[in-house]
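Colleague: Please take a close look at one part of this model and tell me how its residues are placed. Then set that part against the rest of the chain.

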Amino acid sequence: MSNTPIELKGSSFTLSVVHLHDAKPEVIRQALEDKIAQAPAFLLHAPIVVNVSALEGAVNWPALLQAITTTDLHVVGISGCKDPELKAEVERAGLPLLTEGKEKAPRKERAPEPTPVAAPVTKTRLIDAPVRSGQRIYAPNCDLIVTSHVSAGAELIADGNIHVYGMMRGRALAGASGDKDAQIFCSHLTPELVSIAGEYWLSDQIPAEFYGKAARLQLANDALTIQPLN
């Protein structure tokens, strides 16, 4: 047991960044409520970083912050802030000013080039590393594939399908935006919760013969069903 009352350790967390393109509090509040309604399992009560780099001119920061917090989102920091007066207001509100890596310098305009043939887009988010307790991974508008283990207390969320090719001990929420055709594929099913389009099972609702086995979950008549994953 450590003799010190605290320890400082490096860690990483998945946070959503909300980029503001309008300074009107009511416009922002309504836009956030619309987004939360589309994916409540991911956004409701979520911690967020607010990026203000696109805002120009005077900003009523107290009113804007109030509009954001009334949606039950939790602002943990502000990024992209360059205006000295806005920085001072943010600091007075007790929020940290964050830096999202190196900012790209403005590109010089140049003559347009011939439009290349677009390459096909693969709508999949791939995670090759273990997903640890406390991490939340979200795949918006696509499938999510995890090739390693998912620890208890971790959360996978996808608007499409979820594939887990390791031990699945956390939470898996597929079809987060309401897609009832989404499915969950797992090579070793021992989750805390599984959900498709809002229909969910807790761990004790998973049939015993499938617990710890390779399984496939999908909706049938708006109810979760499970079958072996061959």
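Modeller: A residue counts as buried under 20% relative accessible area, as exposed over 50%, and as partly exposed in between. Asp72 has a relative accessibility of 39%, so it falls in the partly exposed class. Keep in mind that this is a predicted model. Asp72 sits in the loop between H3 and strand S3, which covers residues 74-79. Its phi is positive, about 70°, although Asp72 is not a glycine.

Asn141 also has a positive phi without being a glycine, here of about 60°. The loop that holds Asn141 runs between S6 and S7. With 61% relative accessibility, Asn141 is over the 50% limit and therefore counts as exposed. This loop leads into the part I will treat most closely, strand S7 and what surrounds it.

Strand S7 covers residues 143-146, and Asp143 belongs to it. Leaving out residues up to four places away in sequence, Asp143 touches Lys123, Thr124, Arg125, Gly160, Asn161 and His163. For Asn161 there is also a polar distance to report: a polar atom of the Asp143 side chain lies 2.8 Å from the backbone nitrogen of Asn161. Further along the chain, Gly175 is 32 residues from Asp143 in sequence, while their C-alpha atoms are 9.1 Å apart in space.

Next comes the loop that follows S7. Ser148 is located there, between S7 and strand S8 (155-158). Is Ser148 buried or exposed? Its relative accessibility is 15%, which is under 20%, so Ser148 counts as buried. Apart from neighbours within four places in sequence, Ser148 is in contact with two stretches of residues: Ile127, Asp128, Ala129 and Pro130, and then Val164, Tyr165 and Gly166.

Gly170 lies in the loop between strand S9 (162-168) and strand S10 (171-174). Its relative accessible area is 0%, and therefore Gly170 is buried. What does Gly170 touch, leaving aside neighbours within four places in sequence? Its contacts are Val150, Ser151, Ala152, Gly153 and Ala154, together with Pro191, Glu192 and Leu193. For one of these, Val150, the C-alpha atom is 5.9 Å from that of Gly170, although the two residues are 20 apart in sequence.

On the other side of S6 in sequence is Gln135, in the loop between strand S5 (124-127) and strand S6 (136-139). Gln135 has 17% relative accessibility, so it is buried by the 20% limit. A polar atom of its side chain lies 2.7 Å from the backbone nitrogen of Arg132.

Now for the helices. H1 (residues 25-38) and H3 (residues 61-69) pack with their axes 8 Å apart, at an angle of about 20°. Because that angle is under 35 degrees, H1 counts as roughly parallel to H3. Their crossing is right-handed. On the H1 side the contact is made by Pro25, Ile28, Arg29 and Leu32, and on the H3 side by Ala63, Leu64, Ala67 and Ile68. Sorted by class, the residues of this contact are seven nonpolar, one charged and no polar. As background, an α-helix has 3.6 residues a turn, so residues three or four places apart point the same way.

Helix H4 (residues 84-92) is capped at its N-terminal end by Asp83, with a side-chain oxygen 3.1 Å from the backbone nitrogen of Glu85. Just after H4 comes Gly94, with a positive phi of about 80°.

At the far end of the chain, Asn230 lies in the segment after strand S15 (223-228). It has 91% relative accessibility, so Asn230 counts as exposed. The C-alpha atom of Asn230 is 8.9 Å from that of Arg216, 14 residues away along the chain.

Taken over the whole protein, there are four helices and 15 strands. Of its 230 residues, 38% count as buried. Among contacts between residues at least 6 apart in sequence, 35% join residues at least 24 apart.

Note on methods: Residues are numbered from 1 along each chain as its sequence is written. Side-chain values use heavy atoms; hydrogens and water are left out. Helices (H or I, at least four residues) and strands (E, at least two) are DSSP runs, numbered from the N terminus. Contact means heavy atoms within 4.5 Å. A polar contact is a pair of N or O atoms within 3.5 Å; within protein, one must be able to donate a hydrogen and the other to accept it, and residues adjacent in sequence count only if both atoms are side-chain atoms. Axes are lines fitted to C-alpha atoms, for helices over the stretch in contact, and angles run from 0 to 180 degrees between N-to-C directions. Angles under 35 degrees count as roughly parallel, over 145 as roughly antiparallel, 65 to 115 as roughly perpendicular and the rest as oblique. A crossing is left-handed if the near helix is turned anticlockwise from the far one by less than a right angle, and right-handed if clockwise. Ala, Val, Leu, Ile, Met, Phe, Trp, Tyr, Cys and Pro count as nonpolar, Asp, Glu, Lys and Arg as charged, and the others, Gly among them, as polar. Buried means under 20% relative accessible area, exposed over 50%, partly exposed in between (1.4 Å probe, protein chains only).
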